[in-house]
Amino acid sequence: LFPESITTEQQSLVLVKRLLAVSVSCITYMRGLFPESSYGTRYLDDLSLKILREDKSCLGSLQIVKWIQGCFDALEKQYVSVFFTFQWSVLSLLKTVTEMYQFKFKYKKNVPQMDISSNHREFVAGPCSKDVKQASRLLLRTLYLLMQDLGPLPNDVTLSMKLLYYNDVTPKDYQPPGFQEDGSPGDLLFAGDPINLRVGSVSTDFHFMKVRVTAEKKRVRKADSNLIQKNGPTEISHQGLDCEEEDEEEESTKINLLNLAFSQEEVIGPEKKRKVSEPEKLPLNGRK
């Protein structure tokens, strides 16, 4: 499922692509968006993973696979900074988000670090393949556990995706396959009281990927009320969804036991004009 060793940029890219595809597949499977026939089964040690496939009998799953492939193109070019999947509620004319899944990407140069505390010039290696695999496995296991703890979705939801880019390197006219320029208003309204959940992150010498989930507080069954900050935002801005966090946290290569942290963190960041893409077609609802 994942490369046995991560020593080149291409191997790291393969890992990030597959980790994204498996994560999105997990989300759609555990939230019951598509039928069983739309998935194949793969294994990561003792983890049984459901992977979306091009099921011609389900147009919705075909659409999601196409969008994931479009994100792959942006990953290869190192343009995409954040990949969002939204589940929309359509109870009213105003679109409201019931759940949001955020995949944040950073690209790194593999530069050996010198150990200046030693009398000899020793170079410190980056994260080893074993640690990367452990982090990947932990992220997926945490995501599966979180999906099991979320309450059921409303019946009238559809799935959409958006891409945000690094403006300094992305051509203004660039659109990955299956996407077009986002023409929707910048602000989104979240249904209910949202909380952010840190799922985990994976870091190689070339890529960094972090996963977060935002869901309605009342539908997170096992949330510890003492860990949830009150008076959080109910509106989400496209311009601030990729709010920056502590660099030392993101660049850390240590593998820790990542417990789910339930926190009402600020999701509205400083306003800045960002290039945003949305799917070419309206999402197809696969729920029965």
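**Exercise 1. Find the antiparallel partners of β3.**

β3 and β4 pair in the antiparallel sense over eight bridges. Two strands count as paired if DSSP finds at least two bridges between them. Helices (H or I, at least four residues) and strands (E, at least two) are DSSP runs, numbered from the N terminus. The model is predicted: local features need pLDDT of at least 70, side-chain atom pairs count only at pLDDT 80 or more, and totals for chains, interfaces and linings use all residues. Residues are numbered from 1 along each chain as its sequence is written, and side-chain values use heavy atoms, with hydrogens and water left out.

Step 1. Fix the β4 register. F86 has M100 as its bridge partner in β4.

Step 2. Take the other pairing. β3 also pairs with strand β7 (residues 157-165), antiparallel, over nine bridges. Here V80 has Y165 as its bridge partner.

Step 3. Check burial. Buried means under 20% relative accessible area, exposed over 50%, partly exposed in between (1.4 Å probe, protein chains only). Ten of the ten residues of strand β3 (residues 80-89) are buried, so the rest of the structure largely encloses β3.

**Exercise 2. Describe how β10 and β11 are joined, and state how far β10 is enclosed.**

Step 1. Count bridges. Nine of them join β10 to β11, and the two strands run antiparallel.

Step 2. Look at the connection. β10 and β11 form a hairpin with three residues between them.

Step 3. Fix the register. S203 has F208 as its bridge partner in β11.

Step 4. Check burial. Eight of the ten residues of β10 are buried, so β10 is largely enclosed by the rest of the structure.

**Exercise 3. Compare the span of α3 with its expected value, then list what covers its buried residues.**

Step 1. Take the length. Helix α3 (residues 129-149) has 21 residues.

Step 2. Apply the rule. The expected span is 1.5 Å times one less than the number of residues. From its first C-alpha to its last, α3 reaches 30 Å, close to the 30 Å expected.

Step 3. List the buried positions. They are V132, A135, S136, L139, L140, T142, L143, Y144, L146, M147 and D149. An α-helix has 3.6 residues a turn, so residues three or four places apart point the same way.

Step 4. Name the cover. Contact means heavy atoms within 4.5 Å. The elements covering the buried residues of α3 include α1 (9-30), β1 (39-44), β2 (47-52), β4 (96-107), β10 (194-203) and β11 (207-216).

**Exercise 4. Trace the salt bridges of R141 and R219, and classify the burial of each partner.**

Step 1. Set the rule. A salt bridge is a side-chain nitrogen of Lys or Arg within 4 Å of a carboxyl oxygen of Asp or Glu. The count comes to twelve salt bridges.

Step 2. Start with R141. R141 forms a salt bridge with D46, with the closest N and O atoms 3.4 Å apart. R141 lies in helix α3 and D46 in the loop between β1 and β2, 95 residues apart. R141 is partly exposed at 29% relative accessibility. D46 is exposed, at 54%.

Step 3. Move to R219. E99 forms a salt bridge with R219, the closest N and O atoms being 2.9 Å apart. E99 lies in strand β4 and R219 in the loop between β11 and β12 (235-237), so the pair ties together parts that are 120 residues apart in sequence. E99 is buried at 0% relative accessibility, and R219 is buried at 9%.

Step 4. Add the second acid. E216 also forms a salt bridge with R219, the closest N and O atoms being 3.3 Å apart. Both E216 and R219 are buried.

Step 5. Find the network. Salt bridges that share partners join D45, D46, K133, R137 and R141 into one network.
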